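Hello,

Here is the structure we talked about handing over. Please open it alongside this note.

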Amino acid sequence: MGKIIAIANQKGGVGKTTTATNLSAALAIRDYKVLLVDADPQANATSGLGVNPDNVENSVYECLLGQAQAKDCIVETTTPNLWLLPTRIDLVGAELELVNVEKREYYLSRAIAPVKDDYDFIFIDCSPSLGLITVNALTAADSVLIPIQSEYFALEGLGKLLNTVRIVQTRLNKELTIEGLLITMYDGRLKLARQVVEDVRKHFSHLVFDTLIFRNTRLAEAPSYGQPVIMTDADCAGSLNYLNLAAELLKRNKLI
């Protein structure tokens, strides 16, 4: 049975999609079957894996509304062992369509439940908000991985996200756990970045991944090629960071 991990933070630009695509790929090349669910209407994970959102006929939107089965929407990517459940901009309308629906928080869970056993890991790339789609992702997930940018406002909003997680744990998904906090966009030359890491580890020591995701040009360029960085430059710092993160994730889950 696959483990479902939501990658969430309501702050934008903290590396959610970068982490979703590259961690998925790092596990896929280790021969784990991985599905990435793009639950962000911006569809950056979809385009970042080489799928044009404008050409997607059936997506997360249709799955949520019961208009299509997940298995019929999933597409293969150019990365071996990595599949994608894509999205389009119209996913933004799903929150309005579900707002008055009974048990609206469980729609994504129901949509992906039939394919859960087909994969070792399922990652959900969440939108930069704490709206209904993100709550759906947290309700469907076994755990949540939280990227935190190593900059001044790193901890801003983290309390709100953790409170949302606690609400979901209490009311919707008692099994939800925190997979870990991941420091992203790290530049060791900057005193501020080092201070942020120190502060995060001081307050959340047992939750913080040892792996740091460094700022890396190749990592930033990879989406323009429609591939994870490990497929464009396997030896760059970004690839090595996510390979290390994949290994750490596997150790935390007692798989190696």
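Below is what turned up, going from the sheet outwards to the surface. Keep in mind that this is a predicted model.

**The sheet**

Start with the open sheet. It has 8 strands with mixed pairing. The order is β3-β4-β2-β5-β1-β6-β7-β8. The edges are β3 (75-76) and β8 (208-214), and each of these pairs on one side only. As background, strands of a sheet pair through backbone hydrogen bonds, either parallel or antiparallel.

**Strand β2**

Next, look at β2, residues 34-39. Which strands does it pair with? One is β4 (residues 82-85), which runs parallel to β2 and is joined to it by 4 bridges. The other is β5 (residues 121-126), also in the parallel sense, over 6 bridges.

Some residue-level contacts to check on screen:

- Leu35 is opposite Trp83 in β4.
- Leu36 is opposite Leu84 in β4.
- Val34 has Phe121 of β5 as its bridge partner.

Is β2 buried or exposed? 6 of its 6 residues are buried, so the strand is largely enclosed by the rest of the structure. In a regular strand the side chains alternate between the two faces of the sheet. Both faces of β2 are covered. Val34, Leu36 and Asp38 are buried on one side. Leu35, Val37 and Ala39 are buried on the other. Note that Asp38 sits in that buried set.

**Helix α1**

Helix α1 covers residues 16-28, 13 residues in total. From first C-alpha to last it reaches 18 Å, close to the 18 Å expected at 1.5 Å a residue. The helix is mostly covered, with 12 of its 13 residues buried. Among the buried ones are Lys16, Asn22, Leu23 and Leu27. Thr17, Thr19 and Thr21 are also on that list, as are Ala20, Ala25, Ala26 and Ala28.

**Cysteines**

How many disulfides are there? The count comes to 0, with a cut-off of 2.5 Å between cysteine sulfur atoms. Cys63 is in no disulfide, and the nearest cysteine sulfur, that of Cys73, is 3.6 Å away. That distance is not within 2.5 Å, so the pair does not qualify. Cys63 is buried, with a relative accessible area of 7%. Cys236 is buried too, at 6%.

**Backbone angles**

Two residues have a positive phi although neither is a glycine. Lys103 has a phi of about 55°. This lysine, Lys103, is in the loop between α5 (94-98) and α6 (107-112). Met185 also has a positive phi of about 55°. Met185, however, is placed in strand β7 (residues 177-186). Its relative accessible area is 23%, so Met185 counts as partly exposed.

**Surface patch**

Finally, the surface. Which residues form the nonpolar patch? They are Tyr152, Phe153 and Leu192. Together they have about 360 Å² of accessible area. Tyr152 lies in the loop between β6 (143-149) and α8 (158-171). Its relative accessible area is 61%, and the cut-off for exposed is over 50%, so Tyr152 is exposed.

**Where to look**

For a quick pass, begin with β2, where both faces are covered. Then go to Cys63 and Cys73, with the sulfur of Cys73 3.6 Å from that of Cys63. Then view Lys103 and Met185 for their positive phi. End at the patch of Tyr152, Phe153 and Leu192.

Best wishes

Methods
Residues are numbered from 1 along each chain as its sequence is written. This is a predicted model: local features need pLDDT of at least 70, side-chain atom pairs count only at pLDDT 80 or more; totals for chains, interfaces and linings use all residues. Side-chain values use heavy atoms; hydrogens and water are left out. Patches are made of residues with over 30% relative accessible area and no salt bridge: like charges are joined within 9 Å, nonpolar side chains (Val, Leu, Ile, Met, Phe, Trp, Tyr) within 5 Å. Accessible areas come from the Shrake-Rupley method with a 1.4 Å probe; for residues, only the protein chains shown count as cover. A salt bridge is a side-chain nitrogen of Lys or Arg within 4 Å of a carboxyl oxygen of Asp or Glu. Buried means under 20% relative accessible area, exposed over 50%, partly exposed in between (1.4 Å probe, protein chains only). Two strands pair if DSSP finds at least two bridges between them. The expected span of a helix is 1.5 Å times one less than its number of residues.
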